[in-house]
Structure formats: C-alpha cells, structure tokens
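Thanks for making time this morning. I would like to walk through one strand and its neighbours, and then turn to a few charged pairs.

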Amino acid sequence: MAQSLNSKRIDAIFQSRPDIIARINQAADSPGRIALFNDIADHVYERLQENGEPAQKRRKVGAEQANGSPSSQVALSNAADEAVLLEIKEISVSVPQRKKLEICFTSNHLYARAPGTTAPLPGVSYAWRDIEYAFYLPVPDKAQVQYNYILFPKGTCLPPKTGTPPSAEPFVFTVPATAPKQGTIGGSEAGAAAAVSDTYKSLFHWALTKRLQAAGSAVKIVSADPNKFRSMVRQPHRPNETAVHVSGFRGSKDGYLFFLENGILWGFKKPLIFIPTNRIAAISYTNILQITFNIVVEIFTEEDGNTEELEFGMLDQQNYGGIDDYIKMNNLQDRSMAEQRKAKLQLAENKGPKKKEGDAENGDAEAAEGGDGMTELERAQLEAEQQLQDDEDEDEEDYDPGSEGESEGSGSSDDDDDDDDDEDDDDEDDEEDDGEEEEGGEEAEGEQQEEEEEEVKEEPPKPAAPVKPAKPTPRAARATKPAAKPAAKPAAKPAPKPAAKAAPKPAAKPVKTETSNVPVRTGWAAFTSRPAADVDMAEGDDEKFDVVG
C-alpha cells in the first residue's frame, strides 16, 4: 500500500504559511518525496512538543512566524540544504545566544552553527531579504578595540510593549580590530575572501554587502561618524579615542546610546532598540539636574498611528550640547516645553495643599501659565532658595542670647558669685595698698598698736556660716585668700575695717600670690575664729603668731 501524505499534521504545523502547504502538496508526487515530507513534519512536531528542557530555558513559540516557529524550522532545513559559500570560525555571538560559533553565508541565508556541526542553531538563521538594518559600532568600556555587527530583521527594531512577541531577535556578534586567524576562513569563496581579509571589518563588510546586494536588498552597513556626533566624556579604557556613544539607563538596565545618521540605537543588552529618524515624533529633556538629565523619545507606532514614549535616563550633562545639535541637525522636534510635558512637570505641585475656592475662581493666570517667564526648573530652584532663607530667618528669631552659657541648674547664681568675688578682690587690693602706706606709722607708734589690738579683741565678729576653725601660718595668711576674711584681715592690718565687711561665701577664688620683702616682727595679736551657730564667743582665744608689717 502506497504511503499517503500526512496532511493533518502538515496543516497543523504550517497553518500560518498556506503557501508552504500548497508547495508541499504540489511536490509530493512520488513515494520518496511523500516519505521525506512526512519525516520533516514528524521531526518538527516532536521539536515543538518536546519538554525535556526546563521551562525557563525553553524559547517561547509565538503564533506568528518566528525563529523557532514551524515556518522557521523549514527555513532552517532549507538553509542547511544550501551550499556554504563562506564560513568564518571562532566568532563571539552575544545575541540571541552568548556563545562562540561559526557564521555561515549561503545564497539565501545567514546563520550560525556550533563548532563541528552542520545544522544551524534554532533562532540564529536569517534570510537575506528579511534583514532591515545593519550596523557596525565600537564596543565601549573595553581595553582592547572591538566592534559589534548588529543585524535587525524586519519588525524587530521596536519591539511592541503589548501583544505577541517579536517574530525574531536581532543578531549581534563581536569581532576584534585585528586580522582573522589562519585557518578560520572556509567555503567555496574562501579564495576571494582571502584578498579582503586584512581585518575582520574588511572581510565581513565585503561578505555582508555582497550577499545583501545579491538578494536585491538596499540595506547598507551604517557606522558611527565622529564628525556628526561624538561624546565629550573621556573614555577611561581608551582615553585617546573619541567616544561616539552616550552611557545611560533605560529603567534599571544600563546601556549605550548611539546617535547615527539614520536613527538612534540602544544596545547592547536585550532588548536592543533602534529608532529610525522617520519614526521619531519629538524628543524632550526631563529631570535636568546639575550632573545628569533624561531624554524622552516620542515615536510613531505602526499599528494605529499613535505615539508612545521611550525614556533614557542618567545621561551626562557634558553630552547635552552634542545631543541638542543632533536634534537640530536632523530637524527633530524638541517638545521639552510642550503642554503635556508641562502638565507632567507640575504633578508635584498639584500634590500640595489646594488653594481656596476664591483664589481658584479669580486665579492667578500668570502663575498658572508660567507668565513670569520662568521655566519649571528655574521656578523650583527659586522656591527651594526661598524655603532655605525662611528656615534661616526662623532660626534667627528663635535665637536667645541669654540662653547661652546656661546649663543644668541655675546659671544666675554663678554670675552673682563671680560679681561678689570680684568685689572682694577689689576690696582686698585696696586694703593691701592702705597697709603698705601705713607701714611707717606702725613702726613709730608701738603704743598705739597695742591699744588697737585690745579694741580688735573686744569687738565681736558678725555671725556667719559655720566654718571649722583653722590655724593659719604667716605665709598662708597673705599668699591665699582665706575662707573667712574677717578673721584674717586683722593680721595684715589691725583695724576695724574687716569687722564691718560682710562675710564672703565659702567658695572663694584664688588670688595672685605676692611675696613681701617687709621684715617679720613678733608680737601679740588677736586671732578670732568664728563660733558655731548660737554659741557665745569663748574668751581666751588669743594665740601667738608672727605678724608681717
């Protein structure tokens, strides 16, 4: 019994490509071909249904044609059946897979395969007619000079935010600035390629351009031009080389912006984005700070003609002039002060307390519409400076000079004590001066001195705080300020003045020590100690000690 074509499985696999189904039915005119088509259908079906890999590592399969979809598998089979015209080994591929692979050129396809194999890797096969953009850009932040080739298939430069995933992924591989190694070039066109193999750039430019032109494609390889855009930030790894990229962030992912002649490219991490200049509606500057700023690119969508925004943040302020010149050179509209942009900038102000109804009705049109001639950034800076000035004024109003110096407890009592001590020091200095002037009189009037001593002895001291009686030495009586001044004064000057002076407080400040050259004389004087509280003065308190003077 002749084998029949498994139309049910073929229809299920290639339901999105009825043209392939029609060609299979037309070509299945012999038992050998029918068996071949059935085997291909069974193989593709098994690959789609296999579940041996973990779910997080399995590639997603969309309903539309994709690298890994049923129609793509047929493309892989066709690419594997084609003769390899040029083969270049040991090439580092970063997207869609990060591996060192072999890149093969056929008449209709470009694909990558693992070393030692002949079949293309799933998801890394591209038809020449499907390639829409091609770029050759330097790899930033590398000590060695390297370049990336970036190929965008149709429909992959701007992946949609919603809906089905893109039909394919861009193809990115890296080459050094040196010449290819010996034995890494093969294929039927290896001889012709050897003539242009001075560097990897000359080799791949020749091979890609030749194959694209043969497929009828007008795609050209675009490189960065420092004359049209260059960064003002010095590269740490290659300081002598002019940078043509701008470092930034898109969300939480870091990357690089390249401002090219036909659009803006963001790479080199997934998802890669290329925004053609004909799809840029406007560019706006936001979050302008002292060191960084953001740009928002408004692009036209192909689905309904509406626009969507892509924001790139943390761009260095040194690149502002170059980006602004690029916008003007390509006649891209700057909508930094558009009405919808102003509304977004005023969201922070709207969160504050609402105005009264009367104010809202009458309105301050100039303030609401920016009639003061100031931008939102300048107005915010002015408000911050005004707030800082108000805070300083409040601090000056709250300042109390009398509060300085006050600590725990009462500070006024310390000031009073200092005043009393100063008065005592002044009185003591005056008394010492008087004592020096009367030295001569005391020597001539010995009898009068005895009478004055009796008077001092009979005069009772005024009651004061109880102090433990002490026996001073002659030197200590004049060297330091005694605890009880009325008792020590008669020793220096036998006069009734100390009796009339109020007793100082127990805490006394030390005074300067003065050395007297006056000869020491011996005699009798009254030393009166302070009595205890409510105790009469005891008689017989006379003691003998040396008197200076």
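**Strand S12 and the salt bridges**

Let me begin with the hairpin of 2 residues that joins S11 to S12, where strands are DSSP runs (E, at least two residues) and helices are likewise DSSP runs (H or I, at least four residues), numbered from the N terminus. What we have here is a predicted model, in which local features need pLDDT of at least 70 and side-chain atom pairs count only at pLDDT 80 or more, while totals for chains, interfaces and linings use all residues. Residues are numbered from 1 along each chain as its sequence is written, and side-chain values use heavy atoms, with hydrogens and water left out.

Strand S11 (residues 253–260) runs antiparallel to S12 and pairs with it over 5 bridges, pairing being called when DSSP finds at least two bridges between two strands. On its other partner, S12 is joined by 4 bridges to strand S13 (residues 273–276), again in the antiparallel sense, and a hairpin of 5 residues links S12 to S13. Trp-266 takes part in both pairings, since it is the bridge partner of Leu-257 and stands opposite Ile-273 in S13.How covered is strand S12 (residues 263–267)? In that strand 5 of 5 residues are buried, meaning under 20% relative accessible area with a 1.4 Å probe and protein chains only, whereas exposed is over 50% and partly exposed lies in between. In a regular strand, side chains alternate between the two faces of the sheet. In S12 both faces are covered, with Gly-263, Leu-265 and Gly-267 buried on one side and Ile-264 and Trp-266 buried on the other.

Now to the charged pairs. A salt bridge here is a side-chain nitrogen of Lys or Arg within 4 Å of a carboxyl oxygen of Asp or Glu, and by this rule the count comes to 13.

One of them pairs Arg-9 with Asp-42, with the closest N and O atoms 2.8 Å apart. Arg-9 lies in helix H1 (residues 7–13) and Asp-42 in helix H3 (residues 31–49), so this pair ties together parts that are 33 residues apart in sequence. Arg-9 is partly exposed at 28% relative accessible area, and Asp-42 is partly exposed at 25%.

A salt bridge also links Arg-113 and Glu-87, at 3.1 Å from N to O. Arg-113 sits in strand S3 (residues 109–113) and Glu-87 in strand S1 (residues 86–95), so parts 26 residues apart in sequence are tied together. Arg-113 is buried at 9%, and Glu-87 is buried at 14%.

Finally, Asp-324 and Lys-328 meet in a salt bridge of 3.1 Å, N to O, and these two, 4 residues apart in helix H7 (residues 320–329), are separated by about one helical turn. Asp-324 is buried at 13%, whereas Lys-328 counts as exposed at 56%.
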